[in-house]
Amino acid sequence: MPSNFVNFQNTFHPLKCRLLSAMKKKVGCCLCVLIMLLCCAALYGQCRVERVSSLYDSLIAHEIESPKTVLAIAIFETGWMECHHCTYRFNNLFGFRNNGGYVRFKSISACLDFLKHWQEKYYLPWGKKHPKGTYYDFLRHMRYAQNMVSYMKMIRPLEKWIDENIEQP
């Protein structure tokens, strides 16, 4: 067996088990690596769902309006909460800006507190004036994105993914 396979195997410590040893004996090294990669991809997807689900629970706990749409926006703005070269590194899930650039938050919870205050200041009064308006209508009114039509086309499929993958109360 090539020595680089042993190093590759050691990087996936949680996946080491007797089954792996049996696989190496019965199938070729390449097939074994492929199976390990598929297992890692499944675990990665599971971690993504857990992160998004946890954020959804936090949105509910903070009593955020339209949590599904807000969650879709956070997923889009932060690249599934994996981007380290965007506003996520500042705990800014929604791309909030001020005069000096992006707002920096000490924590995700601080960002959600800011969002709650922002919604109370802008969304709730707007909603009283527009009782049949949607959160998308509000975002359009606030000029949340430069091209809201394009932005909404990106957000709506994420909402569908949320419906299919995140357990909602």
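Which residue just after H4 takes a positive phi? Select Gly-79 to find out: its phi is about 60°. Keep in mind as you click around that this is a predicted model.

**Stop 1: helix H4**

Step back from Gly-79 into the helix that precedes it. H4 covers residues 67–78. Put a ruler on its end C-alphas and you should read 16 Å across 12 residues, close to the 16 Å expected at 1.5 Å a residue. Now show the surroundings: 9 of the 12 residues are buried, so H4 is largely enclosed by the rest of the structure. To colour the buried ones, pick Pro-67, Thr-69, Val-70, Leu-71, Ala-72, Ile-73, Ala-74, Ile-75 and Thr-78.

Lys-68 is a good residue to show as sticks next, being partly exposed with a relative accessible area of 26%. Its salt-bridge partner is Asp-163, with the closest N and O atoms 3.0 Å apart. Asp-163 belongs to helix H7 (residues 148–165) while Lys-68 belongs to H4, so this contact ties together parts that are 95 residues apart in sequence. Asp-163 is partly exposed too, at 43% relative accessible area.

**Stop 2: the Arg-48, Arg-51 and Glu-82 network**

Select Arg-48, Arg-51 and Glu-82 together, and you have a network of salt bridges on screen. Zoom in on Arg-51 and Glu-82, whose side chains meet at 2.5 Å, N to O. Arg-51 comes from helix H3 (residues 29–61) and Glu-82 from the loop between H4 and strand S1 (97–98), so the pair joins parts 31 residues apart in sequence. How accessible are these two? Arg-51 is partly exposed at 28%, and Glu-82 is partly exposed at 25%.

Before leaving, add Trp-80 to the selection. The charged end of Arg-48 sits over the Trp-80 ring, 4.4 Å from its centre. Arg-48 therefore appears twice on this stop, in the salt-bridge network and over a ring.

**Stop 3: helix H6 and a second ring**

Move to H6 (residues 135–142), where Asp-137 and Arg-140 are 3 residues apart, a separation of about one helical turn. In general, an α-helix has 3.6 residues a turn, so residues three or four places apart point the same way. Here the two side chains form a salt bridge, with their closest N and O atoms 3.0 Å apart. Asp-137 is partly exposed at 28% relative accessibility, and Arg-140 is partly exposed at 39%. Across the whole model, the count comes to 4 salt bridges.

Now select Tyr-136 and Arg-156. Arg-156 lies over the face of Tyr-136, at 4.3 Å from the ring centre.

**Stop 4: aromatic pairs**

How many aromatic pairs does a search of the whole structure find? There are 15, and two are worth a visit here.

Begin with Phe-94 and Phe-96, an edge-to-face pair at 6.0 Å centre to centre, with 65° between the planes. Both Phe-94 and Phe-96 are buried.

Then go to Trp-118 and Tyr-122, whose rings form a tilted pair: 6.0 Å between centres and 55° between planes. Both sit in helix H5 (residues 108–129), 4 residues apart, or about one helical turn. Is each ring's residue buried or partly exposed? Trp-118 is buried, with a relative accessible area of 12%, whereas Tyr-122 counts as partly exposed at 33%.

Note on methods:
Residues are numbered from 1 along each chain as its sequence is written. This is a predicted model: local features need pLDDT of at least 70, side-chain atom pairs count only at pLDDT 80 or more; totals for chains, interfaces and linings use all residues. Side-chain values use heavy atoms; hydrogens and water are left out. Helices (H or I, at least four residues) and strands (E, at least two) are DSSP runs, numbered from the N terminus. Buried means under 20% relative accessible area, exposed over 50%, partly exposed in between (1.4 Å probe, protein chains only). Rings of Phe, Tyr and Trp (its six-membered ring) pair if their centres lie within 6.5 Å; planes under 30 degrees apart count as stacked, over 60 as edge-to-face and the rest as tilted. A charge sits over a ring if NZ of Lys or CZ of Arg is within 6 Å of the ring centre and within 35 degrees of the ring normal. The expected span of a helix is 1.5 Å times one less than its number of residues.
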